[in-house]
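Thanks for asking me to look this one over. Here are my notes, written for someone opening the structure for the first time.

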Amino acid sequence: MTSQTLIAGNWKMNGLLSSIDEVRAVAEGSCDNAVRIAIFPPYTLIHPISQILGHDSRVVLGGQDCHYEDYGAYTGDVSAHQLYDAGARMVILGHSERRHGHKEPCETVALKVCAALNAGLEPIICIGETLEQRKEGLTHAVLSKQLRDSLPDDLMGKAFHVAYEPVWAIGTGMIATDDQIVDAFSLIRRVISERFGTDFKPHLLYGGSVKPDNAVDVLKLDGVGGALVGGASLKAKDFLKIIRAAP
Ligand SMILES: O=C(CO)COP(=O)(O)O
């Protein structure tokens with residue numbers, strides 16, 4: 001699995017056809033090949049953006065979720081194969097806005113991870129505790145359970161990423177402290193090595209209020225393999241500052 005720093009922008013339910021210019025500006029403004037860049041626009045924009053960027057673009061596209069079935073009577077859903085067909089090569093799975101907003105259980109996330117890998121998509125699997133859970137001292141228990149139950153058994157040798165996104169840090173401007181990030185990452189590494197063996201080195205991202213002015217501090221932390229950025233990925237000028245902050 002690549003150890004290249006990954007800077008990923010999750011646009012969530014933002015962006016219109018006119019926003020394609022922002023992706024073009026990111027592709028043109030980023031010349032450091034050491035950093036991998038991914039943008040997760042809404043489904044409606046994946047294909048038009050992929051057409052404009054072309055195959056050898058610096059920017060990889062991804063979906064923000066997918067269904068675990070390949071096709072069928074699932075009104076409103078999109079399959080991993082459809083994402084790939086539209087030009088996506090990655091997918092975010094288990095984001096807290098899916099886990100909490102759509103009551104999505106870990107077992108469903110695990111099925112989606114399998115579907116994504118079968119379709120040739122690289123998944124970013126998100127986990128994170130709420131503020132109440134942290135205050136009650138449940139952070140480790142919550143993260144371990146989410147991780148164990150959201151990862152299918154058959155992951156050896158597959159390219160995937162785990163994003164630690166504390167729910168209370170998302171969209172709040174309240175970034176996790178260095179100690180909280182390092183602590184969560186060491187737990188994630190431990191849980192994964194217990195399950196898949198010590199040779200298995202997961203690629204870990206941090207997400208939650210990453211901005212141009214704090215990106216350097218987050219990305220230099222030991223073991224941080226990149227960032228999953230929400231609000232600050234919507235404008236190319238902000239996102240490029242975060243990309244340039246990568247070590
Ligand atoms: O949810 C996030 C990325 O998936 C983080 O969002 P913000 O960067 O807006 O806090």
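1. Let's start with a pair of helices. In this predicted model, helix H1 (residues 20-29) packs against helix H10 (residues 236-244) at an angle of about 30°, and their axes are 9 Å apart. The crossing of the two is right-handed. On the H1 side, the contact is made by Glu22, Ala25, Val26 and Gly29, while H10 contributes Ala236, Phe239 and Leu240. Sorted by class, this H1–H10 contact has five nonpolar residues, one polar and one charged.

2. Next, have a look at the strands. Eight of them form a closed barrel in the order S1-S2-S3-S4-S5-S6-S7-S8, and the pairing is parallel. From one strand to the next, the twist averages 25°.

3. One pair is worth following by eye. Strand S4 (residues 90-93) and strand S5 (residues 122-127) pair in the parallel sense over four bridges. Which residue of S5 stands opposite valine 91? Proline 123 does. Helix H8 (residues 178-196) packs on the sheet, where H8 touches strand S6 (161-164) and strand S7 (203-207). The direction of H8 makes about 145° with that of S6.

4. Now for the ligand. How many residues surround the ligand? There are 14, and the closest are Asn10, Ile170, Gly207, Gly230 and Gly231. By class, the shell around the ligand divides into eight polar residues, five nonpolar and one charged.

5. The UniProt record is a useful companion here. Under "binding site", its unreviewed entry lists Asn10, Trp11, Lys12, Gly171, Ser209, Gly230 and Gly231. These positions are spread over 222 residues of sequence, yet they cluster in space, with a largest C-alpha distance of 14.0 Å. If you would like to find one of them in the fold, asparagine 10 is in strand S1 (residues 5-10). Asn10, Gly230 and Gly231 are listed in that annotation and are also among the closest residues to the ligand.

6. Finally, the same kind of check for the "active site" annotation, which in the unreviewed UniProt entry covers His95 and Glu165. Although spread over 71 residues of sequence, these two cluster in space, and the largest C-alpha distance is 8.2 Å. Where does histidine 95 sit? Its place is in the loop between S4 and helix H4 (96-99). S4 is the strand that pairs with S5 in point 3, so to speak a handy landmark on your way to histidine 95.

Note on methods: Residues are numbered from 1 along each chain as its sequence is written. This is a predicted model: local features need pLDDT of at least 70, side-chain atom pairs count only at pLDDT 80 or more; totals for chains, interfaces and linings use all residues. A residue is near a molecule or strand if its C-beta atom, placed from the backbone, lies within 6 Å of it. Ala, Val, Leu, Ile, Met, Phe, Trp, Tyr, Cys and Pro count as nonpolar, Asp, Glu, Lys and Arg as charged, and the others, Gly among them, as polar. Axes are lines fitted to C-alpha atoms, for helices over the stretch in contact, and angles run from 0 to 180 degrees between N-to-C directions. A crossing is left-handed if the near helix is turned anticlockwise from the far one by less than a right angle, and right-handed if clockwise. Two residues are in contact if their C-beta atoms, placed from the backbone, lie within 7 Å. Two strands pair if DSSP finds at least two bridges between them. UniProt positions are given in the numbering used here, feature names are shortened, and annotations may be inferred rather than shown by experiment.
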